[in-house]
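Visitor: Please take one buried position of this chain and look at it closely, and then set it within the rest of the fold. I would like the cut-offs stated as you go.

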Amino acid sequence: MGEDRILVVVVVALCLLGILAVYSVDPVRTEGWGTRSFFGRQIIWNIVGWSIFLFFAFLDYRLLARGGWLFYLLMCLSLVGVLLFGTGDETGARRWLFSQSVQPAEFAKLFLILFLGFYMSESKEDFDSYPLLLKSGVLSIVPVALVFVEPDLGTSMVLLVTWLGALFVCGFGGKKMGIVLGGLAALGSSGWLFLKEYQKRRVMAFLNPWKDPLGSGYNVLQSQIAIGAGGLTGQGWLSGKQSQLRFLPARHTDFIFASFCEQTGFLGGALILLLMGVLVWLSMRIARNALDLEGKVFAALTGLVFGFQFFVNAGMNMGVMPVTGIPLPFVSYGGSALLVNLIMVGLLYNIANSKRREVEKRKFGHSDQ
């Protein structure tokens, strides 16, 4: 079985686990499969997402690369639109357009990958140069800053990592990468001054959740209790005090990994870890074997985004990473994130399929001689 087909099997498995996980903590699951329930909407988004996957899987990805500046413009305009016209939540963050139906920051991940694939491919002669480092950095920092002021610390980190990944894939040397990382470390230190109070409390809770167990440390402590209660094989499907009695907050979104582990135990968590690991490994293999630089950058950055999001989400569920609001790819409840993730999988499939067809074409040509 080729990489493209294994990719589909792995992502289908993750999406099915996601629907089951959302169903298990849905407070209105007994009221049917309608759109009122979380799992009902998750199923609809899966149907829409897989339909869009088919479009991106068979559209020539090199056509997307040509729209690099258009994607960049769309990304910046939509993020500015959120700041001007967006809808807020209880924390005061503005993250949604159209009455909380679209989250542009999620689409910014895809648009930045497409833009960097185009921009870096157009600048091959400047690889490992300071001018390209500076220009790509300035262009990438704009969406990072727009998302940061929403505020959405987690997604701004994902966008920043995407730019760093593009530098690495395009062969920037250790000295330049060291300068960039040093500069970001200094910027991160001063960035503390610009964090909202609830974000500062989350970071402090990561360092010592027991300092405020009923306040800022509550989410992390409940998550750790849920994972610990799961043991090896879990409390059982639709069981578990933390998730079923609603002690665990955001159990269908940010903390769905903990609620799943409480019910299925270490084995359930390990299954998600295995599937995500295979997905990231496949992404890097597809990047290594891509026919061109655009495909290489697209695939590598997609794998990096998936891996980073899983690492941070699972880490904050286990209390080894600060709570930053990053969803678990394909598993957490949420339409915008799921649609964007399936579009990125469509691109991966596209790149792998193009390589397979090229190999088969060459093989067929040789057999004719």
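**Cys261 and its setting**

Guide: Beyond its neighbours within four places in sequence, Cys261 is in contact with Ile227, Gly230, Gly234 and Gly269, where contact means heavy atoms within 4.5 Å. This is a predicted model, in which local features need pLDDT of at least 70 and side-chain atom pairs count only at pLDDT 80 or more, while totals for chains, interfaces and linings use all residues. Residues are numbered from 1 along each chain as its sequence is written, and side-chain values use heavy atoms, with hydrogens and water left out.

Cys261 belongs to helix α12, residues 256-288; helices (H or I, at least four residues) and strands (E, at least two) are DSSP runs numbered from the N terminus. With a relative accessibility of 5%, Cys261 counts as buried, the term being used for under 20% relative accessible area, with exposed for over 50% and partly exposed in between, for a 1.4 Å probe and protein chains only. Measures along the sequence and through space diverge here: Ala21 is 240 residues from Cys261 in sequence, yet their C-alpha atoms are 9.8 Å apart. In the loop between α11 (241-244) and α12 sits Arg246, whose phi is near 70 degrees, a positive value in a residue other than glycine.

A positive phi recurs at Phe330, where the angle is near 75 degrees, again in a residue other than glycine. Phe330 is placed in the loop between α13 (293-318) and α14 (335-368), and its relative accessible area of 2% makes it buried. Another loop, between α6 (130-148) and α7 (153-169), holds Pro151, which is joined to Glu150 by a cis peptide bond with omega at about 0 degrees.

Helix α7 also enters the packing of α9 (residues 197-207), in which Tyr198, Gln199, Lys200 and Ala205 are buried; the buried residues of α9 pack against β2 (94-96) and α7. Ser78, in helix α4 (residues 68-85), counts as buried at 19% relative accessibility. Apart from neighbours within four places in sequence, Ser78 is in contact with Leu97 and Pro104, and a polar atom of its side chain lies 2.9 Å from the backbone oxygen of Met75.

Taken as a whole, the chain has 14 helices and two strands. Its radius of gyration, 21 Å, is close to the 21 Å that the globule rule gives for 369 residues, so the chain is as compact as a globular protein of that length; the radius is taken over C-alpha atoms, and the rule is 2.2 Å times the number of residues to the power 0.38. The C-alpha trace spans about 65 × 50 × 40 Å along its principal axes, and buried residues make up 53% of the 369 residues. Of the contacts between residues at least 6 apart in sequence, 70% join residues at least 24 apart. The accessible surface comes to about 16700 Å², with 67% of it belonging to carbon and sulfur atoms, by the Shrake-Rupley method with a 1.4 Å probe.

How values were computed. Polar contact = N/O pair within 3.5 Å; in protein donor to acceptor, adjacent residues only side chain to side chain.
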